[in-house]
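Take a look at the sequence and structure below. This short report walks through a strand, two interfaces and a few single residues.

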Amino acid sequence: MNRSLLRSLLPIISLAVVLGATFYVQPRTMSYFGLNLMLQYAVPIALATIAQMFIITVNDLDLSIGPFVGLVGCISATLLYSNPLLGTLALLLCIAAYAAVGALIHSRNLPSIVVTLGLSFVWLGIAVLILPSPGGKAPEWLKSIMALQTPFIPFPIIAAVVIGLVVQLALMHSSFGVIARGAGGNPRAMARAGWSMLKTKAAMYALAGFFGVLSGLSLLGLTTSADAHVADRYTLYSIAGVILGGGEFIGGRVSPMGAVIGALTLALAGSFLIFLRISPDWQIGAQGAILILVLALKAPLTTRDASK
Amino acid sequence: MINIWNRLRHEPWIWSFLAAIGVWLATITYTGGQGAGEILTAALSFATFSIIVGLGQMMVITTGPGNVDLSIPATITLAGVVAMKVMDTDSARLLLGIGAALGVSFLVGAFNYGLIRLLRIPPIIATLSSSFLVLSTAISYGRGIRIKPPLPLDSFATARFLGIPLAAVFVVVLSIVLAIVIKRTLYGRAVVAIGQNPRAAWLAGINVNQTRFMTYVLSALLAGVCGILLSGFSGGAALNMGEEFLLASIAVVVIGGTSVAGGRASVPGIWGAALFMYLLVTMLNTFGASAGVRLIMTGVIIITVIVIAGGEREQR
Amino acid sequence: MNQTAIKLDGVERNFGAVRALAGVSLEVGSGECLGLVGHNGAGKSTLMHILAGTLSPDKGEISVGGARHEGQWSVNVARTNGIRCVFQELSLCPNLTVAENVRVVHGSLKGFGWKKRSRDLALAKLDEIFPGHGIGPTDAISDLPIGKRQMAEIARAFTLTDIPLRLVILDEPTSSLDAVTAQQLLTFIRSQVAKGTSVILISHLLGDILGTCDRIVVMKDGKAVAERPAKKFDRHSLVAAMGTVVSRHKSTDTKLEQAKSQAPVAIRARPKTASDTDELIAHKGEIIGLAGLSGHGQTRMLLQVFSRSDAEITEPLAFIAGDRQSDGIFNLWSIASNVTIRSLRSLLKRGLIVGDAESGLAAEWKDRMGIRTPDMNNNILTLSGGNQQKTLFARALASEAGIILMDDPMRGVDIGTKLEVYEMIAREARNGRTFIWYTTEMEELQYCDRAYVFRNGAISASLDHDDLTEEKILQASFAESSAA
């Protein structure tokens, strides 16, 4: 009991430590403006992490979410900008494609890693076709949403918390969420209880696509122009975010709020390392070290399921 | 003839070769036979590198579901940087440089498995995290100017004999050795057995942990070899030299007919797939296809291959 | 019995070459508790899976409430007809809470307030069946010990929403319960039956069956072989109906036995699964049986010996799996590779496996074990189950191992193969090999020099060859049966 409590608190503790360390190293960040700047990109990363989390919930992995976010940016900076109706349609098509991939993976029992690896090329290719070189324009409304100045608490924090809470409610507290998580926990028992795993998987992939679209939109709102490669790193960030947030690859054990916190931690860790004046050479290495450190803390807390 | 075909068509690797030949034929038909030889030579040269790392990735993937090495690109870079710096353009320090590069590669492999085994981190995240550390080490250590490879390495990596790159011959030998290792050594049998059923392998007296350890080390060592050769080939090490091999190493394994669920490795398939991937890009270039179309085609082919080949084995 | 709740007519089901059900007809009246007994592999679980809709019959009819069911019988059809099942292997999602697992089986638990409703439902049913259970409806299943998981799953099967309960099937429901909770369950079953719900109870605990059921059906070899009201049975007649008349295959050679028990000790180990238990001792050349109900620590004992933890072992070990698919076979390999994997070390020359030596070894064991195949290079799955099992025997016996551990290896193997293998085991034991043989089949114990009976992870009795009768073994297995 104590261990599982500690396990669920671990993401918050990690975030608090990184945040505290950042404030300590650079006290000026302890302000509305400082936090706003540091956490700017937390929103798209958090949304991509949530997308990844839906896939991980059903024991799969999505290696294509990064390029997909990039593709959404490209579509939005061109098609959605010039022809909102057509652009919306294209984005809906993207979500439908995700659902179809989920159905294909389930019905042919394919390894998701390989299918989404191939898919990442497809997304990138379409993005490059639409927008061969960086450019395009973000729709005005998108820019103004992302530049929102909320009172007292910076917008990225509010947005992240709202995203986390909404998904938490949908996945952890709704009756559909039970079925979705059950599909990851014991697919055979779910089938025995009469649930269609095909529908569940397709729905989860569609949700991942939806949040991927949101991530792409919010990223475009920040960058204001698109680039097919802008979000390539998001694949890795999103996986790491889910795991940092207390999720596990197998068994339907995920935490939406945790995933958002994990994404925030990753976004912050980047800033923290800059403030730490670690030589730029070691920036990325330090990220790896933080990742290993947090996962190492998790190891002794992981309960081994006795039934398996 | 028909007999040979009947036997061959059940081999998982034959399709990648047929695809490679088909693409090559389509290309030279388009050019009217022009440059047929040159295309093959170039394909051999460039495929060499993805074959080396593909072999390592193949062994890792063969040890069973969930096993994959994402630290290959970073290891390529680190090995390249270490080799160039230790050699310092001096031919006399050639072996020292190779030894140092392979030494750090070994450490990367051991570190990877340490994370997986001791900290119980899933391989995909473990090798990803360690790749960040490895890349930083490479960046930090390899600061400053680009160092040229010593002459013997340069000429070995770029030499050709009757249009056949010397490096390709070296990789043929390497592949044959690995094929023998898989079929005829205790280690190779253990890898394939673990990939099919780790519990049955343990009950059959196989040391599962030791075998997995050796496999991650082998993958890192092969990435090291790739890094050294690639530095020789392209006139020095570069910090982004490993990048393209993350996806390439996995793609050649999958297209080559190695089972993604583990337990079945195919060395010839790696060759077919690597040649096919390169020739496909060449063909699309020749046809004047844009970068976008090339990427889409690559993705569609990977998915098609796995849809046709995959799903044959129920996952328990 | 006033009215039929459900009826099976001539149900057949095959798994490959194995005939799991050979035409079973079964009728359960509403408000009746039917007991189902039989040895492992008699077809009880298959029959229950068919009733629950998770397996479809090859042949036969199913009628509900007197009316014959037309069309495909499936999980959802069974569910809407009010049939619930507690399977032997638990069907809960470990990552969900108790209440969430209740939601999984009730499509109607959705919309606003579903959480509270399913929490209340779970808690009320747990309170009703197991007063003082100590389970919270928001506890995650993975945090519960196995016994409480089983209680949660049983309670779940009896929860009621929009579909009235017609029949609840309980497959070994008390296997992880302590005596008090088991008794609570049996009392609850009687009260449910009194209310008109039907229950099928499958159990190895004959006392439970005799004390709880109205009628008892005995199954053997995929058929229902006896059916009587429970009052007409007692423990002896039930055992007799289940059992087979065992003929002694072996004349006891006292001299040989004495020689064996004076041979050096090959294994000495104390089960780690219990605190208060005897030691297992095997002398070189002995065949030692591990008996008792399945899942009472025999396999764990074998694995403990195999991993040499807390055990004195004098010789190399080899393991013969009973669950071929998960513990034994390498699916992608040839028969030959499956045989030689344990012996490769002896086939090395300068670090490489010698191909001729390998195929030679495979050919030798093809003959010695009588593996029926035209070519040892064929894939292992081309063999029948029995021949696959022979392959696993060949793997172990071809090795240098002096001690062979057997994990109920003859499960689902045809009788011809069995006799050949028994012969082989006896011969190898005479040559000095030691066998530890976990078996669920009474006849096989006749080949053992001695047997340890396991109960709840502990050795509850050590029986010499002459004491190895079905009665004595059952007695030791059931000595403290939960509710007898």
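Strand β3 of chain C, residues 33-37, is largely enclosed by the rest of the structure, because five of its five residues are buried. Buried means under 20% relative accessible area, exposed means over 50%, and partly exposed lies in between (1.4 Å probe, protein chains only). Strands (E, at least two residues) and helices (H or I, at least four) are DSSP runs, numbered from the N terminus.

Look at the two faces of β3(C). On one side sit C:Cys33, C:Gly35 and C:Val37, all buried. On the other side, C:Leu34 and C:Leu36 are buried too.

A word on the source: this is a predicted model, where local features need pLDDT of at least 70 and side-chain atom pairs count only at pLDDT 80 or more, while totals for chains, interfaces and linings use all residues. Residues are numbered from 1 along each chain as its sequence is written, chains are lettered from A and ligands numbered from 1 in the order in which they are written, and side-chain values use heavy atoms, with hydrogens and water left out.

**Strand partners**

Which strands pair with β3(C)? Strand β8 of chain C, residues 198-202, runs parallel to β3(C) and is joined to it by four bridges. Here C:Cys33 has C:Val199 as its bridge partner. Strand β9 of chain C, residues 215-220, also pairs with β3(C) in the parallel sense, over four bridges. In β9(C), C:Ile216 is the bridge partner of C:Gly35. Two strands pair if DSSP finds at least two bridges between them.

**Chain A against chain B**

Now to the interfaces. Contact means heavy atoms within 4.5 Å. Buried area is the accessible area (1.4 Å probe) that two parts lose on being put together, summed over both. A salt bridge is a side-chain nitrogen of Lys or Arg within 4 Å of a carboxyl oxygen of Asp or Glu. A polar contact is a pair of N or O atoms within 3.5 Å; within protein, one must be able to donate a hydrogen and the other to accept it, and residues adjacent in sequence count only if both atoms are side-chain atoms.

Chain A puts 41 residues in contact with 43 residues of chain B. About 3600 Å² is buried between these chains, and carbon and sulfur atoms give 79% of it. Three residues, A:Phe121, A:Asp281 and A:Ile292, supply 18% of the area that chain A buries against chain B, more than any other three.

How many salt bridges cross between chain A and chain B? The rule finds zero. Four residue pairs are in polar contact there (both at pLDDT 80 or more). On the side of chain A that touches chain B, the elements giving two or more residues are α6 (112-130), α12 (234-244) and α14 (280-298). The largest share, 14 residues, comes from α6(A). By class, this side has 28 nonpolar, nine polar and four charged residues. Ala, Val, Leu, Ile, Met, Phe, Trp, Tyr, Cys and Pro count as nonpolar, Asp, Glu, Lys and Arg as charged, and the others, Gly among them, as polar.

**Chain A against chain C**

This contact takes 26 residues from chain A and 27 residues from chain C. The two chains bury about 2000 Å² between them, 51% of it on carbon and sulfur atoms. In chain A, A:Ser175, A:Val178 and A:Arg192 lose the most area to chain C, together 31% of what that side buries.

The rule finds one salt bridge across this interface. C:Glu100 forms it with A:Arg181, and their closest N and O atoms are 2.8 Å apart. There are also 13 residue pairs in polar contact (both at pLDDT 80 or more). The side of chain A that touches chain C draws two or more residues from each of α8 (155-173), α9 (175-185) and α10 (187-192).

**Three buried residues**

| Residue | Place | Relative accessible area |
|---|---|---|
| B:Ser16 | helix α2 (residues 14-31) of chain B | 3% |
| C:Gln304 | helix α10 (residues 298-306) of chain C | 6% |
| C:Ser142 | loop between α4 (114-129) and α5 (146-158) of chain C | 18% |

Leaving aside neighbours within four places in sequence, B:Ser16 is in contact with residues including B:Ile255, B:Gly269 and B:Phe276. A polar atom of the C:Gln304 side chain lies 3.0 Å from the backbone nitrogen of C:Lys272. The side chain of C:Ser142 makes a polar contact of 3.2 Å with the side chain of A:Arg253.
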